[in-house]
Amino acid sequence: MIKVKKFSDVVRNSLRGGLLLIIVATLVLEATSLVQYYFSREGLREEAALRAESQLDNIHDKIMDVVDQAEAAVRNSVWIASWCLDVPDSLKRVCYRVVDDNPVVAGSAIALVPKKGEKLFCPYVYRSPDGLVYHSLDNEEYYYPSKEWFTMPIEIGEGYWSEPYWDEGGGEMLMTTYSVPIKDKNDNLAAVLTADVSLDWMTEIVGSLQVYPTAFSMVFSRDGTIMVCSDKSLFEKKNISGIVSQMEDTKTLSFIGKEVTEGRSGSKVVKDKGKKFYVHYAPVQKTRWSIAIVIPEDEIFGDIRQVGFYVLLMQIIGLLMLAIILYFIVSNLLKYRKLTEMKEKMEGELKIASGIQMSMVPKTFPPFPERHDLDMSALIVPAKEVGGDLYDFFIREEKLYFCIGDVSGKGIPASLVMAVTRSMFRAVASREASPGIIVSRMNKGMSDMNESNMFVTFFLGVLDLSNGHLRFCNAGHNAPMILTDAIRELKVEPNLPLGVLPDFFFTEQDVTLEYDDALFLYTDGLTEAENINHEQFGEQRTKDILHGRKTADEHLKNIRGAVDAFVGEAPQSDDLTMLFIHYLGKSDSNSSRHLILQNDTSQISKLAGFVESVCESKQLSPDLSMSLNLAIEEAVTNVILYAYPEGTKGYVDIEAQSEEDSLIFVISDSGKAFDPTSIPPADVTASLEDRKIGGLGIFLVRNIMDEVSYERIGGKNVLKLKKSL
Amino acid sequence: MELKTVKKPGEVIVHLIGRLDTPSSLEIAKDVEELKKEASGVIILDCTELSYISSSGLRIFLTLRKEAAIMGGKVIVRNICSEIRNVFMMTGFLNLFEIQ
């Protein structure tokens, strides 16, 4: 659980980390964008200002061009007009010249300053589509002496540009007039020379010079009248106050109006209907007009706004994708965590199941310590936690019932079938003695409920311990090995595995085991154990290990060790099960019995039971029994203590041959050659001081037994002890 | 194999219970070393419950006997069964010990 807790911390941390990542990414992105946006905006604003300034200059220059031409036209005619004052009719020609010579001049008049009692006199020539037209402005109705173009130059004594006006006199257009006072020879004011300039050309100039498509320019006269405006709706407002009254930001506009009428230059931001406008303005020299350029903010920042919008959109998409990816990663982690928890739970359950399964088969060896006619051992090594192999055995009425089996498949399904098989074996074999009947019944039972088509290869044997008669029945299992004087396969009928056909007839077979014969049963997990090169352990290796005299336990341990060494790093692919049964029974008078001991003094305690049971079968007196016991112990102790170098493992084989009038014990070992009969016997008549501590053992052997002989046969020490009865 | 030691002034009674074969002789080797310290007095080996003795056991008897001879003590063997008496006879031990 600790592991899971840690893991959930990891998940929580990664979730937190992911959120933090997104937040940081957002902040960094937005900050970068903002900085970039700010600087771009500043740049654009500066550029717009520069453009506006240059536009103002440009318009100004164009206007001045016209203004200068008109002023020049007037100035150049002043002297001639002054000279012609005396001949009023000739003034008409001067007007003609002014208009004719100067394309910018739409009309020209020379108005005489009226003298008392004299008539008004004002010749006027203007340009019409049909050529120059003469017209006299001396009617009382028009009364030119009251006109601004007439009064102002006289008043200020120099050239004057009039406020724009609608010319009704002849041009029928919006005009402005430049007028200059003319003095007579006596330096008295005598007349005013004018040149009308149509504002149409200004409209043209202003209209043709646009910094931005929706920007517009205006020209104001000195009192704020709109002379030219490329925005028609504003033009209709006629003057600044008309515009101010129409707009929201009256304060700024009034300020601009004041600035404009006072002939200053500058720039301001005006807000209207949620939109911002940049207004740049500057005066026109001489005329005291003013030019203003109005640029909507959208126009300046339109592009950057669009770019900004796309950048923002992409950022949002990117962050969303990041969030989605993070979500998937975290949910995968959570899924993985769930899986891990489930796996751990399952592993825990499997461990319990494994324990239950292992407790189903006998695990204590030797299983029948009180029996000297049987040495057996078994081993099961599942490839996974639980397996499909089984073995089992028990003794009923002096018969050993044993079995080995291998369920098809592996893992939990196989383990369940294994449990069923084992239970059936116990149930049926506890009542039946015939292996054929037991296997047939088990087969019937398992076939009937075999919906999952699992089957079991099975070998069952019933060994009569009193005479070595073995009845067995094989159900598709591999043949066991029988160890007699040689190791060979037991000849078995294959029959069919359990669970295949419910009414199959299983053939029963039999064989008789002699004293010291052994059976080795195994599952294919042994012979088919593979190393990393996919070589199989095979039967030959098994047979090689089974050679030689060892206890059942030792045999299985050796095979297990050999398989482990052979398989090495390769994973165990199948369950491995082995059962070794060493038959040591049949103690009739002419038979012999065996006991194998390791070279360890603690093993000697086993010896007493063995010798006593031999003596018992001969019904010897306790006195003789004890003497024989003593002699055999002395001989065996000798081997255990001296035959093998210290620290090495070895065996002592004790064979008791029961003859009609004698008992023969043959004690053999594979240790170094040593003849105990060569030891000089202890002197039992010596005085206490001369008595040696050693040498008593062999003395006792010689004294108790009737014949003691030693031989070295095939690398073995063979000591033969005979007692006549 | 079990040893029961009863100490009295100048006398130690050792009850030997069970089989005195090779493994049990090795087992009691330590107790025997302790017993050797009493060899200046009388050591009584009570064999009432001793059922079997091997040469290793006999060696222990002999070791004690030799120690007693040196230290000026005495070893008395008490209540041996007929089977063990046979062994004592065979090995000449009857002459070496005072048997009661």
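**Exercise 1. Determine whether A:S77 is buried or exposed, and identify its contacts.**

Solution. A:S77 has 23 other C-beta atoms within 10 Å. A residue is buried if 20 or more other C-beta atoms lie within 10 Å of its own, exposed if 12 or fewer, and partly exposed in between, with C-beta atoms placed from the backbone. A:S77 is therefore buried. The residue is found in helix α1 (residues 2-84) of chain A; helices (H or I, at least four residues) and strands (E, at least two) are DSSP runs, numbered from the N terminus. Two residues are in contact if their C-beta atoms, placed from the backbone, lie within 7 Å. Leaving aside neighbours within four places in sequence, the contacts of A:S77 are A:V94, A:R97, A:V98 and A:L193. A:C95 lies 18 residues from A:S77 along the chain, and their C-alpha atoms are separated by 8.8 Å.

The model is predicted: local features need pLDDT of at least 70 and side-chain atom pairs count only at pLDDT 80 or more, while totals for chains, interfaces and linings use all residues. Residues are numbered from 1 along each chain as its sequence is written, and chains are lettered from A and ligands numbered from 1 in the order in which they are written.

**Exercise 2. Establish which strands pair with β12 (residues 290-296) of chain A.**

Solution. Two strands pair if DSSP finds at least two bridges between them. Strand β8 (residues 216-220) of chain A pairs with β12(A) in the antiparallel sense over five bridges; A:F216 has A:V294 as its bridge partner. Strand β11 (residues 275-283) of chain A is also antiparallel to β12(A), with seven bridges, and here A:A282 is matched with A:I291. β11(A) and β12(A) form a hairpin with six residues between them, and A:K286 in the turn has a positive phi of about 65°. As for burial, six of the seven residues of β12(A) are buried.

**Exercise 3. Compare the expected span of helix α9 (residues 411-429) of chain A with that in the model, and state what covers its buried residues.**

Solution. The expected span is 1.5 Å times one less than the number of residues. For the 19 residues of α9(A) this gives 27 Å, and the end C-alpha atoms are 26 Å apart, which agrees. Among the buried residues of α9(A) are A:V417, A:M418, A:T421 and A:F425. The cover includes α8 (297-358), β14, β15, α10 (435-448) and β16 (456-464) of chain A. Of these elements, β14 (residues 389-396) and β15 (residues 399-407) of chain A pair in the antiparallel sense over eight bridges.

**Exercise 4. Describe the sheet that contains β23 of chain A, and the helices packed on it.**

Solution. Five strands form an open antiparallel sheet in the order β23-β24-β25-β27-β26 (chain A). β23 (592-598) and β26 (707-713) of chain A each have a single partner strand, so one side of each is left without a neighbour in the sheet. α14(A) touches β23, β24 and β25 (662-669) of chain A, its direction making about 170° with that of β23(A). Axes are lines fitted to C-alpha atoms, for helices over the stretch in contact, and angles run from 0 to 180 degrees between N-to-C directions. α15(A) lies across β23, β24, β25 and β27 (716-724) of chain A, at about 10° to β25(A).
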